[in-house]
Amino acid sequence: MNKASTLLIAAAFLPALALAGNSTKDPDDIGSRRVDKGLNFYTISQEMALGKQLEIEVEKQAKIVDDPVISEYVSRLGQNLVRNSDVVFPVRFKIIESDGIDAFTLPGGYIFIDSGLIKLTSNEAELAAAMAHELGHAAARHATREASRRRLMGIGTLPLLFLGGLPGLAAKGAAAAVMPMAFLGISREFETEADLLGVQYLWKAGYDPDAGIDLFEAMQSVERREPGRISTLFRSHPPTSERIAKEQKNIEKLPARSSYVLNTSEYEEVRARLYDLFPQSLEAPPSGSRVHD
Ligand SMILES: [Zn+2]
């Protein structure tokens with residue numbers, strides 16, 4: 001196929017792609033609605049197989065927190081969100097020992113959260129907000145949809161796509177050579193959709209959805225203090241005032257609940273344990289995590 005016809009096909013698909021994220025997403029229908037509609041060259045089983053391969057690579061190269069108390073807690077919190085989401089395949093949550101402030105989602109439901117992001121949160125609802133946002137990417141299959149979109153557009157044929165990035169890994173040239181990994185951002189449209197889905201899942205699971213705003217504001221203040229500190233995912237789509245205002249509107253549309261969960265003593269114990277095991281200060285970002293313009 002020549003380049004002109006590729007572009008024509010791409011142009012024909014674009015309006016559909018643009019609309020893909022705009023369908024009404026009634027929070028009362030969570031779990032029985034399809035949020036992953038849109039162009040996708042990958043079947044779900046292909047996506048899961050790809051995710052598994054990538055997970056193996058990530059685990060080779062990143063330090064996964066294997067403390068049973070912490071990982072069991074984060075998994076349990078995550079599975080509660082999964083039960084209150086639209087995702088149609090199993091999802092796993094793991095923590096990377098890193099003072100970066102990031103999280104990313106591999107295709108097929110492999111979600112990784114920096115320990116630094118957990119440290120930044122100040123209650124369970126904020127941690128759940130970060131995890132629910134990633135779950136939104138998984139449920140809507142943004143990784144493979146973005147890869148499909150890029151392939152169609154001829155922007156790149158790399159089958160691997162990270163939402164966000166792996167802190168510390170991007171800086172290592174060797175790692176990049178070993179792994180044909182694309183540290184590509186995702187479209188703003190998908191990011192916006194993950195914000196919406198995330199806050200809906202947070203609400204559905206019984207948490208205070210305002211925690212999503214609190215988390216963005218905490219990130220914003222770190223970014224102001226230490227520009228470049230918020231790594232890849234939020235660097236390409238930073239929690240701007242506009243993004244926060246949009247999230248506020250998403251929250252206002254949610255049906256009211258009489259009470260919300262904001263925090264648990266278990267969260268406090270786990271967070272304290274993280275600081276005990278990995279005492280590196282939030283004020284000391286790892287080398288290579290800063291942006292040099
Ligand atoms: Zn995102």
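## Close-up views of a predicted model

**View 1. A salt bridge links Lys52 and Glu55.** The closest nitrogen and oxygen atoms of Lys52 and Glu55 are 2.9 Å apart in this salt bridge. The model shown here, as in every view that follows, is predicted. Helix 2 (residues 44–61) holds both Lys52 and Glu55, which are three residues apart, about one turn of the helix. The two partners differ in accessibility. Lys52 has a relative accessible area of 40% and is therefore partly exposed, lying between the limits of 20% and 50%. Glu55 has a relative accessible area of 4%, which is under 20%, so Glu55 is buried.

**View 2. Arg76 and Glu72 form a salt bridge within helix 3.** The distance from N to O in this salt bridge is 2.8 Å. Arg76 and Glu72 are four residues apart in helix 3 (residues 68–83), about one turn of the helix. How accessible is each of the partners, Arg76 and Glu72? The relative accessible area of Arg76 is 37%, so this residue counts as partly exposed. Glu72, with a relative accessibility of 41%, is likewise partly exposed.

**View 3. Helix 6 contains a salt bridge between Glu146 and Arg149.** The side chains of Glu146 and Arg149 come together with an N to O distance of 2.8 Å. Both residues belong to helix 6 (residues 142–153) and are three residues apart, about one turn of the helix. Glu146 is buried, as is Arg149. Elsewhere, Lys52, Glu55, Glu59 and Lys94 are joined into one network by salt bridges that share partners. The count of salt bridges in the model comes to 17.

**View 4. A zinc ion is held by donor atoms from His133, His137 and Glu191.** The protein donors are NE2 of His133, NE2 of His137 and an OE atom of Glu191, and they lie 2.0 Å from the zinc ion. What spacing do the donor residues show in sequence? They follow the pattern H-x3-H-x53-E. His133 and His137 both belong to helix 5 (residues 124–139); they are four residues apart and so are separated by about one helical turn. Are these two histidines, His133 and His137, buried or exposed? Both His133 and His137 are buried.

**View 5. One cavity of 30 Å³ or more is found in the whole structure.** The largest cavity holds about 110 Å³ of space. Its lining is made up of 14 residues, of which Ala129, Ala130, His133, Phe216 and Glu247 are the closest to the centre. The elements giving two or more residues to this lining are helix 5, helix 8 (188–204) and helix 9 (210–225). Which element gives the largest share of the lining of the largest cavity? Helix 8 does, with five residues. By residue type, the lining of the largest cavity consists of nine nonpolar, three polar and two charged residues. His133, among the lining residues closest to the centre of the largest cavity, is also one of the donors of the zinc ion.

**View 6. Phe104 and Phe112 form a stacked aromatic pair.** The search of the whole structure finds one aromatic pair. In this pair, the ring centres of Phe104 and Phe112 are 5.2 Å apart, and the angle between the planes is 15°. Because 15° is under 30 degrees, the pair of Phe104 and Phe112 counts as stacked. Phe104 has a relative accessibility of 1% and is therefore buried. Phe112 is also buried, with a relative accessibility of 1%.

**View 7. Arg141 has a positive phi.** The phi of Arg141 is about 55°, although this residue is not a glycine. Where does Arg141 lie in relation to helix 5 and helix 6? Arg141 is located in the loop between these two helices. Its relative accessible area of 6% is under 20%, so Arg141 is buried.

**View 8. Thr121 and Leu215 bring separated parts of the chain together.** These two residues are 94 residues apart along the chain, yet 6.6 Å separates their C-alpha atoms. Thr121 belongs to the loop between helix 4 (115–120) and helix 5. With a relative accessibility of 0%, Thr121 counts as buried.

Technical notes. Residues are numbered from 1 along each chain as its sequence is written. This is a predicted model: local features need pLDDT of at least 70, side-chain atom pairs count only at pLDDT 80 or more; totals for chains, interfaces and linings use all residues. Side-chain values use heavy atoms; hydrogens and water are left out. Donors are N, O and S atoms within 2.8 Å of the metal (3.2 Å for Na, K and Ca); water is not among the atoms, so sites may look incomplete. Buried means under 20% relative accessible area, exposed over 50%, partly exposed in between (1.4 Å probe, protein chains only). A salt bridge is a side-chain nitrogen of Lys or Arg within 4 Å of a carboxyl oxygen of Asp or Glu. On a 1 Å grid over the protein atoms alone, a cavity is a set of points where a 1.4 Å probe fits but cannot get out, and a pocket is an open set with protein on both sides within 12 Å along at least five of seven lines; lining residues have an atom within 4 Å of a point. Grid points are joined across faces, edges and corners, and a volume is the space filled by probe spheres set on the points. Ala, Val, Leu, Ile, Met, Phe, Trp, Tyr, Cys and Pro count as nonpolar, Asp, Glu, Lys and Arg as charged, and the others, Gly among them, as polar. Rings of Phe, Tyr and Trp (its six-membered ring) pair if their centres lie within 6.5 Å; planes under 30 degrees apart count as stacked, over 60 as edge-to-face and the rest as tilted.
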